[in-house]
Amino acid sequence: MKKKFKRIRKLKDYRIHREGTSILVVAFLVFALVNAPLWYFFPENVVFNSIVSLTSLVVYLLMVNFFRSPKRIFPGDVENVIVAPADGKVVVIEKVFEPDHFKDERMQVSIFMSPMNVHANWYPVDGVITRVEHQKGKFHKAWLPKASTENERSLVVIKTDDDREILVRQIAGAMARRIVTYAAAGEECFIDQHMGFIKFGSRVDLYLPLDCDIKVTLDQKTVGNETVIATFK
């Protein structure tokens, strides 16, 4: 009898992603150390001090916005669906040869994340993680085709309860220099759970069976853990 994976619905209500907590604390202290002496020792320089303070505030709010982590639960039935692992825009839908794991043809769907998108990544299916691997590489612009095979990246392979396998690849971009992957081989994973986090502009590639029914189109905006990318046949 095939094993059925129990869906996890209880999530921690993250307002700021844990990957950003220490960075935001350090940034706050730095901005405070820059602004406080200006106002204390040079209170007459109102215009200059105001410009520095306003610039510090804007930069800090942009950082807070980048590390936001909304609580999301997939609204539909998770059976046979592949859910978007990230917020962003679909930049690739094509049949390709996947060289790292399957070594055969797969349907590739790629989502590009701009610096303004939520950068948390979700698991796209329920299943068991069979392989996790970090691959060093270059830092081309994330929307370029060669980014999939040449950039720094993490590979996660997931097997569903009916023995279908998909590959998820987190890819660093020209600005993104750090990929965080929570997946570990042998663990169960579930839609609604965070798979990892990529800092600054980047992308996520999905490699799916050729007979999947693709539900998105090029340039379509995706919402992580909400948009259905494809369904299994």
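Analyst: A patch is made of residues with over 30% relative accessible area and no salt bridge, where like charges are joined within 9 Å and nonpolar side chains (Val, Leu, Ile, Met, Phe, Trp, Tyr) within 5 Å. The model is predicted: local features need pLDDT of at least 70, side-chain atom pairs count only at pLDDT 80 or more, and totals for chains, interfaces and linings use all residues. Residues are numbered from 1 along each chain as its sequence is written, and side-chain values use heavy atoms, leaving out hydrogens and water.

User: Thanks! About how many Å² does the nonpolar surface patch with Leu57 cover?
Analyst: Accessible areas come from the Shrake-Rupley method with a 1.4 Å probe, and for residues only the protein chains shown count as cover. Leu57 sits in helix 2, residues 46–66. Together with Leu54, Val58, Leu61, Leu62 and Met116, Leu57 makes a nonpolar patch of about 570 Å².

User: Is Leu57 itself buried, partly exposed or exposed?
Analyst: Buried means under 20% relative accessible area, exposed means over 50%, and partly exposed lies in between (1.4 Å probe, protein chains only). The value for Leu57 is 46%, so the residue counts as partly exposed.

User: Let me step back: how many helices and strands does the protein have?
Analyst: Helices (H or I, at least four residues) and strands (E, at least two) are DSSP runs, numbered from the N terminus. By that rule the protein comes to 3 helices and 14 strands.

User: What share of the protein's residues is buried?
Analyst: The protein exposes about 11,900 Å², and carbon and sulfur atoms supply 61% of that area. Its chain has 233 residues, and the share that counts as buried is 46%.

User: Which residue of strand 10 is the bridge partner of Asn121?
Analyst: Two strands pair if DSSP finds at least two bridges between them. Strand 4 and strand 10 run antiparallel and are joined by 3 bridges. Strand 8 (residues 179–181) is also joined to strand 10 by 3 bridges and runs antiparallel to it, with Thr181 standing opposite Gly196. For Asn121, the partner in strand 10 is Gly196.

User: How far apart in space are Ala120 and Phe197, C-alpha to C-alpha?
Analyst: Ala120 belongs to strand 4, residues 120–122, and counts as buried because its relative accessible area is 0%. Contact means heavy atoms within 4.5 Å, and, leaving aside neighbours within four places in sequence, Ala120 touches His17, Ser69, Pro85, Ala86, His194, Gly196 and Phe197. Ala120 and Phe197 are 77 residues apart in sequence, while their C-alpha distance is 4.5 Å.

User: Which residue of strand 14 stands opposite Ile214?
Analyst: Strands 1, 14 and 12 form an open antiparallel sheet in the order 1-14-12. Its edge strands, strand 1 (81–83) and strand 12 (213–214), each pair on one side only. From strand 1, Ile82 stands opposite Ala230. From strand 12, Ile214 likewise stands opposite Ala230.

User: Which side chain makes a polar contact of 2.8 Å with the side chain of Asn225?
Analyst: A polar contact is a pair of N or O atoms within 3.5 Å; within protein, one must be able to donate a hydrogen and the other to accept it, and residues adjacent in sequence count only if both atoms are side-chain atoms. Asn225 lies in the loop between strand 13 (221–222) and strand 14 (228–231), and at 0% relative accessibility it is buried. A polar atom of its side chain is 3.2 Å from the backbone oxygen of Arg72. The 2.8 Å contact is with the side chain of Asp192.

User: Which residue forms a salt bridge with Arg169 at 3.1 Å?
Analyst: A salt bridge is a side-chain nitrogen of Lys or Arg within 4 Å of a carboxyl oxygen of Asp or Glu. For Arg169, the closest N and O atoms are 3.1 Å apart in its bridge with Glu98. The pair spans 71 residues, from Arg169 in strand 7 (residues 165–172) to Glu98 in strand 2 (residues 88–98). Both partners are buried, and the 3.1 Å partner of Arg169 is Glu98.

User: Is Asp104 buried or partly exposed?
Analyst: Asp104 and Arg106 meet in a salt bridge of 3.0 Å, N to O. Arg106 is buried, because its relative accessible area is 14%. Asp104 has 29%, so this residue is partly exposed.
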